[in-house]
Amino acid sequence: MKPKHEQLSSGISDILETLIVKGTGAFPGVKPNPAEIVDRVNVLTRYQPHLHDPVDFFDARLKLAVLDKAAQEQTRKSQYVAVASGLGTGFFGMPGLAIDLPVLVANTVGLVRRHSVVYGFTAIEESTSDPKPLLFALGASIGADMVIDRVGTTIGEKVGLDLGTKVVEKYLVTRISEQFATRLMTSWLPRLVPIIGTATIAALDTAFLTLAGRESARYFRQRHVAVRQYLATTHIERAQWKSIAASSSLALPGSEPPVITDLPLDPQI
């Protein structure tokens, strides 16, 4: 029989496969609504400037603090879900983990996707064939970025594959699942004492979402700033902003903002 940590990691991997590789239909609330996020940012800015699409968030007139506030609101919503799930399933002790775990993983993935839109990146929502942007962001959010940062060289050296293969996607899911499991192992002990552990489990789930939300927002904020700086120095037309943001989304996670290269330049420059 596999150790508990390996069982947990395997379960998370299966959930991630369903959420990211096979689609989001089985988990309501994971897929964000970009229109709602744009409306909320418009309200926060009192429609100055008037925004129509997430790519408009790269407009230099829009204060970054507004996007930060919108990201914090999304994290808070996910925290409420974590509290409700933890309180509802913690009473059942260990068996409750089978219910709580999919909700927590789905909640985390949904939060990362909403933060992506908040900071103007829509590649995750518009691409149905390439899960890497979401996997990179999710890895950075739960602490697996140091492992994922080496995926290009590690996979390439071992099996001679590029970043476009299914083997790489599986590698990313596995690494993220292992880190996810490591962080969640603290939830096992409180579940041995169901009634006493109920509030504790809710607190642990909320703390997990809080940390993941902070790192997720930081990840996309860094990329947002990098894109803004690139746009400011190159004076690229708005029609090209989306492709530039998509390119940034494919940058491997790391401690520094991504360096944007090989992007289309304004032919008038």
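How much area does the protein chain expose, and what share of it do carbon and sulfur atoms supply? In this predicted model, the protein chain exposes about 12,900 Å², and 60% of that area is supplied by carbon and sulfur atoms.

## Overall build

The protein chain holds 11 helices and zero strands, so that a reader who follows the sequence meets the pattern α-α-α-α-α-α-α-α-α-α-α. Of its 269 residues, 52% count as buried. Among the contacts in the protein chain with a separation of 6 or more, 77% are accounted for by residues 24 or more positions apart.

## The largest nonpolar core

In soluble globular proteins, nonpolar side chains tend to be buried together. Here the largest nonpolar core has 61 residues, and the members that touch the most others are I12, L16, V105 and Y119. At least two residues of this core come from each of several helices, including helix 1 (4-21), helix 3 (64-90), helix 4 (97-118), helix 9 (166-184) and helix 10 (194-234).

I12 can serve as an example: leaving aside residues up to four places away in sequence, I12 touches L101, V105, S177, F180, A181 and L184.

## Enclosed space

Rolling a probe the size of a water molecule over the atoms shows where empty space is left. The count comes to two cavities of 30 Å³ or more, and the second largest cavity contains about 30 Å³ of space.

The second largest cavity is lined by S116, I124, P133, A137, Y219, F220 and S249, with helix 6 and helix 10 being the elements that give two or more residues to this lining. Five of the lining residues are nonpolar and two are polar, while none is charged.

How values were computed. Residues are numbered from 1 along each chain as its sequence is written. This is a predicted model: local features need pLDDT of at least 70, side-chain atom pairs count only at pLDDT 80 or more; totals for chains, interfaces and linings use all residues. Side-chain values use heavy atoms; hydrogens and water are left out. A nonpolar core is a set of buried Ala, Val, Leu, Ile, Met, Phe, Trp, Tyr and Cys residues joined through side-chain atoms within 4.5 Å. Buried means under 20% relative accessible area, exposed over 50%, partly exposed in between (1.4 Å probe, protein chains only). Helices (H or I, at least four residues) and strands (E, at least two) are DSSP runs, numbered from the N terminus. Contact means heavy atoms within 4.5 Å. Accessible areas come from the Shrake-Rupley method with a 1.4 Å probe; for residues, only the protein chains shown count as cover. On a 1 Å grid over the protein atoms alone, a cavity is a set of points where a 1.4 Å probe fits but cannot get out, and a pocket is an open set with protein on both sides within 12 Å along at least five of seven lines; lining residues have an atom within 4 Å of a point. Grid points are joined across faces, edges and corners, and a volume is the space filled by probe spheres set on the points. Ala, Val, Leu, Ile, Met, Phe, Trp, Tyr, Cys and Pro count as nonpolar, Asp, Glu, Lys and Arg as charged, and the others, Gly among them, as polar.
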